[in-house]
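Notebook open, coffee poured. I want to go through this one piece by piece and jot down what I find.

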2 protein chains.
Amino acid sequence: MNTQRILEDTLRTARQSMTTPRQAVFDALQHHRSLTMRELVMACAHINRATIYRNVELFEQLGIVTRIPNGWKYRLELGEKFLDHHHHATCHNCGASIALPEDPSLELHLNELASRKNFKLESHQVELLGLCYACQT
Amino acid sequence: MNTQRILEDTLRTARQSMTTPRQAVFDALQHHRSLTMRELVMACAHINRATIYRNVELFEQLGIVTRIPNGWKYRLELGEKFLDHHHHATCHNCGASIALPEDPSLELHLNELASRKNFKLESHQVELLGLCYACQT
DNA sequence: ACAAAATTGCGACATATTTGCAAAAATAAT
DNA sequence: ATTATTTTTGCAAATATGTCGCAATTTTGT
């Protein structure tokens with residue numbers, strides 16, 4: 001099933017309208033792997049900033065978009081409906097955000113950690129911080 | 001060794017002065033387990049906001065303070081000089097930040113994940129998101 | 001107690017995010 | 001296809017968060 005279809009279905013199911021700004025936000029994220037809020041606003045020229053913020057929040061609730069930690073800020077990425085679950089490493093020299101391969105055993109591990117505290121796990125974030133290969137010279 | 005002593009030694013070793021604002025920031029964090037920046041500013045009444053920001057940054061570099069992820073924001077906590085390394089779960093109903101027990105095998109796991117990508121790991125953040133026990137009713 | 005060095009407070013600025021509300025667009029009904 | 005209803009947008013202003021230069025104050029080393 002193509003991504004456009006998933007987007008439309010997700011919105012319809014949640015009884016939300018499909019609008020030009022929403023399409024623009026989605027397109028920008030689809031074309032750029034990940035963006036900061038600022039970059040997203042620039043990528044969606046002509047669309048009001050407040051509208052973008054509101055739609056990012058909506059998309060996050062619907063699982064269309066995920067905020068990934070990046071230092072003490074965050075970046076935006078399409079959610080698991082579109083991209084496989086994964087984590088990121090942030091290079092604190094060049095700032096790059098590197099996608100890490102899926103690791104099922106890590107997921108199991110976190111599930112177990114949560115259940116030991118009677119915590120009902122719904123999602124999680126892992127961020128590795130250090131130096132990417134290129135910056136290790 | 002008591003915490004006050006560790007604080008003073010850490011500052012002295014780094015050739016930084018011990019001042020009233022720095023003591024206040026440290027005390028606030030020691031008494032409240034974790035605080036948002038806003039809460040810290042309120043807890044340190046009479047101390048200038050810019051000074052608090054500057055000292056938090058200094059403390060972070062010296063390992064006195066750590067920023068822990070809390071949704072897409074962060075909270076401040078004393079660092080590993082004072083508290084054992086641990087992660088947190090955030091309840092997205094009541095907002096509570098729950099400290100999780102140390103888990104050495106999780107640490108190993110993350111080290112391995114990093115080395116598979118030739119990434120030089122210096123630190124990491126793990127945040128579980130979901131419902132705390134009290135909010136699961 | 002003194003001089004040198006480090007730190008603070010202030011006020012202004014920059015950036016990020018949120019809000020109320022009237023206008024515009026999308027959806028549902030006819 | 002047009003109209004009525006509901007949702008969403010744009011705007012402008014408010015709030016929040018973080019940063020900066022610099023003179024005044026505090027701390028440190030002698």
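I start with B:His85, whose side chain makes a polar contact of 3.2 Å with the side chain of B:His124. (Polar contact here: a pair of N or O atoms within 3.5 Å; within protein, one must be able to donate a hydrogen and the other to accept it, and residues adjacent in sequence count only if both atoms are side-chain atoms.) A second polar contact, 2.8 Å, joins the side chains of B:His85 and B:Glu80.

Ground rules before I go on. This is a predicted model, so I note that local features need pLDDT of at least 70 and side-chain atom pairs count only at pLDDT 80 or more, while totals for chains, interfaces and linings use all residues. Residues are numbered from 1 along each chain as its sequence is written, chains are lettered from A and ligands numbered from 1 in the order in which they are written, and side-chain values use heavy atoms, with hydrogens and water left out.

**B:His85, continued**

I find B:His85 in the loop between β3 (73-78) and β4 (88-91) of chain B. (Strands are DSSP runs of E, at least two residues, and helices are runs of H or I, at least four, numbered from the N terminus.) Is B:His85 buried or exposed? It counts as buried because its relative accessibility is 19%; the cut-offs are under 20% for buried, over 50% for exposed and partly exposed in between, with a 1.4 Å probe and protein chains only. Leaving out residues up to four places away in sequence, B:His85 touches B:Glu80, B:Glu102, B:Glu107 and B:His124 (contact: heavy atoms within 4.5 Å).

**Cavity**

I then looked for enclosed space. The count is one cavity of 30 Å³ or more, and the largest cavity has a volume of about 40 Å³. On a 1 Å grid over the protein atoms alone, a cavity is a set of points where a 1.4 Å probe fits but cannot get out, a pocket is an open set with protein on both sides within 12 Å along at least five of seven lines, and lining residues have an atom within 4 Å of a point. Grid points are joined across faces, edges and corners, and a volume is the space filled by probe spheres set on the points. B:His85 turns up again in the lining of the largest cavity, which also includes A:Leu113, B:Glu102 and B:Glu107.

**Pockets**

The largest pocket holds about 1000 Å³ of space. I count 43 lining residues, with A:Glu60, A:Arg67, A:Ser123, A:Gln125 and B:Leu129 the closest to the centre. Which element gives the largest share of this lining? β6(A) does, with six residues. By class, the lining of the largest pocket has 13 nonpolar, 18 polar and 12 charged residues. (Ala, Val, Leu, Ile, Met, Phe, Trp, Tyr, Cys and Pro are nonpolar; Asp, Glu, Lys and Arg are charged; the others, Gly among them, are polar.)

The second largest pocket comes to about 580 Å³. It has 28 lining residues, and B:His124 is among those nearest its centre, along with A:Leu129, B:Thr66, B:Ser123 and B:Gln125.

**DNA strand D**

I count 22 residues around DNA strand D, the closest being A:Gln16, A:Thr19, A:Arg22, A:Arg54 and B:Tyr53 (near: a heavy atom within 4 Å). Sugar and phosphate make up 69% of the strand D atoms that come within 4 Å of the protein. One base contact I wrote down: a polar side-chain atom of B:Arg49 sits 2.9 Å from a base nitrogen of DNA strand D. On the backbone side, a backbone N or O atom of A:Ser17 is 3.2 Å from a phosphate oxygen of the strand.

**DNA strand C**

DNA strand C has 23 residues around it, with A:Arg49, A:Tyr53, B:Thr19, B:Arg22 and B:Arg54 the closest. Here sugar and phosphate account for 73% of the strand C atoms within 4 Å of the protein. I noted phosphate oxygens of DNA strand C 2.9 Å from a side-chain N or O atom of B:Thr51 and 3.3 Å from one of B:Asn55.

**Helix α1(B)**

Last look: B:Asn2 caps the N-terminal end of α1(B), with a side-chain oxygen 3.0 Å from the backbone nitrogen of B:Gln4. Buried residues of this helix (residues 3-13) are B:Ile6, B:Leu7, B:Asp9, B:Thr10 and B:Leu11. After α1(B) comes B:Arg15, with a positive phi near 55°.
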